Amino acid sequence: METQGKVITCKAAVAWGAGEALVMEDVKVDPPQRLEVRIRILFTSICHTDLSAWKGENEAQQAYPRILGHEAAGIVESVGEGVEEMKAGDHVLPVFTGECGECRVCKRDGANLCERFRVDPMKKVMVSDGKTRFFTSKDNKPIFHFLNTSTFSEYTVIDSACVLKVDPLFPLEKISLLSCGVSTGVGAAWNVADIQPGSTVAIFGLGAVGLAVAEGARARGASKIIGIDVNPEKFQLGREAGIRDFINPKESDQKAVHERVREITEGGVEYSFECAGSIEALREAFLSTNSGLGVTVLLGVHSSPQLLPIHPMELFQGRSITASVFGGFKPKTQLPIFITQCLQGLVNLDLFISHQLPFHDINKAMQLLNQGKALRCLLRL
C-alpha cells in the first residue's frame, strides 16, 4: 500500500480537557514500529470507561491532549518489523488488554492480565519506546494514547499483542462489540463466576455490560435472573436478555434491595454482579447473595476513592467477592472461540446496538451514553 512506512494524516476526535467536547481535527499518525500494527478503524463505540476518562473522574489518569476509545474493529493498514501473525488487509479487533503468550500470566489457565500488555489506564505511550504515535497536524505536538488502543481516530497504532485477527467473513460492525463490553459481561458469567444450570443471578446495573451478564447467564441455563436498575426504561431490553424479575431501588417499599432479592429467591442468589460503578450497589450485591455459597463479581468502573464496603468477618459467612477484567478472556487464544459462538447465535449481539451514527457525531453519542439513553452507539468512520 502506498501509505506503508509513511505518516498518515487523518481525522480523530481529540480530548483536550476533562468534560470538554471532543474536537474533530486532523492528526498525524506515525508508521508502526517493531511489533506494532497500524489499523484503519471502521467501527468504534463508547463504553463507560471512555465516558469516565472523558469526564476526568480520576485525576491521576488525566493526560491531554488524548485520543480515547477502545471498543472497535478495523482493517490492518501496515505492520511493523517482527509482526508475523497478521498483514495489511486483515480484519482485526483492537483489544485493550493484551496477550504476549510468553509471561507467567499468559501461560497460566484462568489468568488474563498479561504482565507486559495488560490494561493500564495510566499508560499514555507505546511500550516499545515510550513515545506516542499521534501528533497534531498544525504544530506537531504529541497526542497521548489511551488503554492500548485509541480508536476514536480513523487510523491508530497498537501493539500487536493487543490486536486479534478475525475471519473476514465476520461482520465487523457486530464483532466490534466483542472488543470490550459484551465480552466483559458474558465472560464474567462464564469464566469468572462459572454460572451453573438452574442457579439464581442478580445483576446490579443494566447497561451494556449488565445485559451481557444476563445473556451469559441465560445461555448457561440460570433458572432466575433478577435485574436491578434505577432506570425502568432498561427493563424491556432486560426481558430480551432473559431477565424476568426487576427491582427499581427508587421505588422503595421500605426494604433494602438485598432484602427484596432474598425474598424473591428464598435466601439469596448464588451469583451477583455489580455493573453500576457504585459502592452502594456493590454492598447490596454482596448482601443479596446466599450465605454459604454466594459469589459477587465486580465489573463496574469505580472512580470514587472509597474502599470496599465489606467487613473481613463477613467473608466467613460463606460469601466471596472477586472482580473481572475483560470477562477473564485471554484475547488471543480464547476470544476467537467466543466470537464464533456469538455469530452462531448463542449471544444476541443486535440487542446491544441502540444507535448508529457517523463518526462526526461522536459528542452526541457521548451524551446519549452519559444520559443513560444508549447501550452502544455504533460509530461508522
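What distance separates the centres of domain 1 and domain 2, taken over C-alpha atoms? In this predicted model, the separation is 29 Å. The domain assignment of the protein chain places residues 8–179 and 349–380 in domain 1. Domain 2 is given as residues 182–327. The two domains touch through 18 residues from domain 1 and 17 residues from domain 2.

The description turns next to a six-stranded sheet. Its strands follow the order S12-S11-S10-S13-S14-S15. The sheet is open, and the pairing is parallel. Strand S12 (245–247) lies at one edge and strand S15 (319–323) at the other, each pairing on one side only. From one strand to the next, the twist averages 20°. Strand S10 covers residues 200–204, and strand S11 covers residues 224–228. These two strands run parallel and are joined by five bridges. One bridge pairs Thr200 with Lys224 in S11. Strands of a sheet pair through backbone hydrogen bonds, either parallel or antiparallel.

Helix H4 (residues 208–219) lies across this part of the structure. The strands beneath this helix are S10, S11 and strand S13 (271–274). Relative to S10, H4 runs at about 170°. An angle over 145 degrees counts as roughly antiparallel, so H4 is roughly antiparallel to S10.

H4 also packs against helix H3 (residues 181–192). The angle between H3 and H4 is about 40°, and their axes are 7 Å apart. An angle that is neither under 35 degrees, nor 65 to 115, nor over 145 counts as oblique. H3 and H4 are therefore oblique to each other. Their crossing is right-handed. From H3, the contact uses Gly181, Val182, Thr184, Gly185, Val186, Ala189 and Trp190. From H4, the partners are Val209, Ala212, Val213, Gly216, Ala217 and Ala219. By class, the contact of H3 with H4 holds nine nonpolar and four polar residues, with no charged residues.

H3 has a further helix contact, with helix H8 (residues 335–343). The axes of H3 and H8 come within 12 Å and cross at roughly 100°. This angle falls in the range of 65 to 115 degrees. H3 and H8 are therefore roughly perpendicular to each other. On the H3 side, the contact is made by Val182, Ser183, Val186 and Trp190. H8 contributes Leu335, Phe338 and Gln341. Five residues of the contact of H3 with H8 are nonpolar, two are polar and none is charged. Val182, Val186 and Trp190 of H3 thus appear in the contact with H4 and in the contact with H8.

A second sheet is built from four strands in the order S1-S2-S6-S7. This sheet is open, with antiparallel pairing. Its edge strands are strand S1 (8–14) and strand S7 (142–143), and each pairs on one side only. Strand S2 (residues 23–29) and strand S6 (residues 134–136) run antiparallel and are joined by three bridges. Lys28 stands opposite Phe135 in S6.

Another helix pair comprises helix H1 (residues 48–55) and helix H9 (residues 362–370). Their axes are 10 Å apart, and the packing angle is about 105°. H1 and H9 are therefore roughly perpendicular to each other. His48, Leu51, Trp54 and Lys55 in H1 meet Met366, Gln367, Leu369 and Asn370 in H9. The contact of H1 with H9 comprises four nonpolar residues, three polar residues and one charged residue.

Key. Residues are numbered from 1 along each chain as its sequence is written. This is a predicted model: local features need pLDDT of at least 70, side-chain atom pairs count only at pLDDT 80 or more; totals for chains, interfaces and linings use all residues. Side-chain values use heavy atoms; hydrogens and water are left out. Two strands pair if DSSP finds at least two bridges between them. Axes are lines fitted to C-alpha atoms, for helices over the stretch in contact, and angles run from 0 to 180 degrees between N-to-C directions. Contact means heavy atoms within 4.5 Å. A crossing is left-handed if the near helix is turned anticlockwise from the far one by less than a right angle, and right-handed if clockwise. Ala, Val, Leu, Ile, Met, Phe, Trp, Tyr, Cys and Pro count as nonpolar, Asp, Glu, Lys and Arg as charged, and the others, Gly among them, as polar. Domain bounds come from an automatic or database domain assignment.
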